[in-house]
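Open your viewer, switch on the cartoon, and keep the selection tool ready. We will go from stop to stop, selecting a few residues at a time.

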Amino acid sequence: KIPERAKKSSSVFQHTREKIFIDLDQPRNPLQQPSPHDRRAKSPPHRDLARRIPAKMDPDELYTCRSQFWLGHYDLCLDEAKSIARRPMSAQLKAEREEFILRALLAKGQVDKVVRDAASLSSPGAKAIGLRATYESSPDDEAARTSAVESLQSMLADPENSSSTSLQLTAAHVFLRHGMVREALQCVHHGSTMEHLSLTVQIYLRIDRIDLAREQLALMRQGDEDSVLTQLAGAYVDVASGRSGASDAVHALASLSEQYGPSLSLMNATACAHMASGSMDKAWAALEEAAAMEGGSNDADTLINTVVCKRHLGKGDSEIEPLLARLRAGHASNPFVQGLVRVEGAFEREALKYRAESVA
């Protein structure tokens, strides 16, 4: 017999879960609220998965460019984008090529160049990348960051721009950095493109909904099982599954590294997979390889993963504190650093109470 209290708890949970789904089932404009009479809001969007599978894309002029970017080979992405510049292609592909150039430059930290180049382009996606560059270049200027977020929201609310999948994707990335997880999910949860589905997987993993992440991964595999994005998303889900799936993630990431070459992002993902499997020595080896790459010694992800790995290896504060100091100095706006500052501040406030009591 189920206790009445348990029944009520289950009912509340189900109502809350359904409400989340209803809130997320937005019209095409991510910021527009659904009408009370909108039939789509009566059932969770994830129940009808087949309608959300992106059509499998045949290889086109940007196939290699996209893959290199997704794998973290930003220099190779830029080289490929330049080599195909004079090839005949549709206006849509030309705009996408320009956007991948901007995204690769931004990933390399060339923020000022991205802002200048984006200002000379007319596509909503390029304008959005320029706003993202402005956001990321203003870690200590909250007004500038808020302005960039508001500008993206205005673009999404404009009917002329709201259907741009590139705009939606970039806005989702900025909203995530700004702590607006629901708004980020609203931008991409329809799964219009493989990149949208991939980011949706990452968002669900971030909010500890691995069940929903697996649903999105299933859509990606139905859309294009061989895509680099699908393989990466599968590795992320496997790592989040814990020790049981970590070995599969290690195998998938090793295959990508062998096929395309190692990169900072691949080595960090591999280190996380090894840590999830309990193989700290192998994780350390992957992080050493990442640190030896160009820009790796001061890369935020590499530093953070190194801190975590060293803790698991039983290293003392004398080895870890210098890494944390480099993180605080060079990556103050990183969510890990901000969370660390909040926790340290809370600890200090509690410690003061006990010191005050001991004095009294």
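Which are the buried residues of H2? Bear in mind that you are looking at a predicted model. Select residues 63-70, which make up helix H2, and show the side chains. The buried ones are Cys65, Arg66, Ser67, Gln68, Phe69 and Trp70. That is six of the eight residues in H2, a helix that is mostly covered.

Now add what surrounds them. The buried residues of H2 pack against four helices: H3 (74-83), H4 (91-107), H10 (194-206) and H12 (228-240). Before leaving, click on Gly72, which follows H2 and has a positive phi, near 90°.

**Next: Glu96 in H4**

Select Glu96, which you will find in helix H4. Is Glu96 buried or exposed? Its relative accessibility is 18%, and buried means under 20%, so Glu96 counts as buried. Leaving aside residues up to four places away in sequence, Glu96 touches Leu62 and Arg66. Arg66 is also one of the buried residues of H2. Add Asp60 to the selection and you have a network of salt bridges linking Asp60, Arg66 and Glu96. Then try a distance label from Glu96 to Ser166: the two are 70 residues apart in sequence, while their C-alpha atoms lie 8.3 Å apart.

**Next: the H10 and H11 pair**

Hide the rest and keep H10 with helix H11, residues 210-224. Their axes come within 8 Å and cross at roughly 160°. An angle over 145 degrees counts as roughly antiparallel, so that is how H10 and H11 run relative to each other. H10 passes H11 in a left-handed crossing.

For the contact itself, select these side chains:

- On H10: Met194, Leu197, Ser198, Thr200, Val201, Tyr204 and Leu205.
- On H11: Ile210, Leu212, Ala213, Gln216, Leu217, Leu219, Met220 and Asp224.

Colour them by class and you should get eleven nonpolar, three polar and one charged residues in the contact of H10 with H11.

Between these helices, pick Asp208, which sits in the loop between H10 and H11. Asp208 is not a glycine, yet it has a positive phi of about 60°. With a relative accessibility of 67%, Asp208 counts as exposed.

**Next: a walk along the salt bridges**

How many salt bridges does the structure hold? There are twelve salt bridges in the structure. Side chains of opposite charge can pair when their charged atoms come close.

Start with Lys108 and Asp75, whose closest N and O atoms are 2.8 Å apart. Lys108 lies in the loop between H4 and helix H5 (111-119) and Asp75 in helix H3, so this pair ties together parts that are 33 residues apart in sequence. Lys108 is partly exposed at 34% relative accessible area, and Asp75 is partly exposed at 37%.

Move on to Arg177 and Glu136, a salt bridge with closest N and O atoms 4.0 Å apart. This pair also links distant parts of the chain, from Arg177 in helix H8 (residues 165-177) to Glu136 in helix H6 (residues 124-136), 41 residues apart.

Finish with Asp317 and Arg311, which meet in a salt bridge at 3.0 Å, N to O.

**Last stop: Lys310**

Select Lys310 in helix H16, residues 300-312. Lys310 is buried, with a relative accessible area of 10%. Not counting residues up to four places away in sequence, Lys310 touches Trp284, Lys315, Glu319, Ile320 and Leu323.

Conventions
Residues are numbered from 1 along each chain as its sequence is written. This is a predicted model: local features need pLDDT of at least 70, side-chain atom pairs count only at pLDDT 80 or more; totals for chains, interfaces and linings use all residues. Side-chain values use heavy atoms; hydrogens and water are left out. Buried means under 20% relative accessible area, exposed over 50%, partly exposed in between (1.4 Å probe, protein chains only). Helices (H or I, at least four residues) and strands (E, at least two) are DSSP runs, numbered from the N terminus. Contact means heavy atoms within 4.5 Å. Axes are lines fitted to C-alpha atoms, for helices over the stretch in contact, and angles run from 0 to 180 degrees between N-to-C directions. Angles under 35 degrees count as roughly parallel, over 145 as roughly antiparallel, 65 to 115 as roughly perpendicular and the rest as oblique. A crossing is left-handed if the near helix is turned anticlockwise from the far one by less than a right angle, and right-handed if clockwise. Ala, Val, Leu, Ile, Met, Phe, Trp, Tyr, Cys and Pro count as nonpolar, Asp, Glu, Lys and Arg as charged, and the others, Gly among them, as polar. A salt bridge is a side-chain nitrogen of Lys or Arg within 4 Å of a carboxyl oxygen of Asp or Glu.
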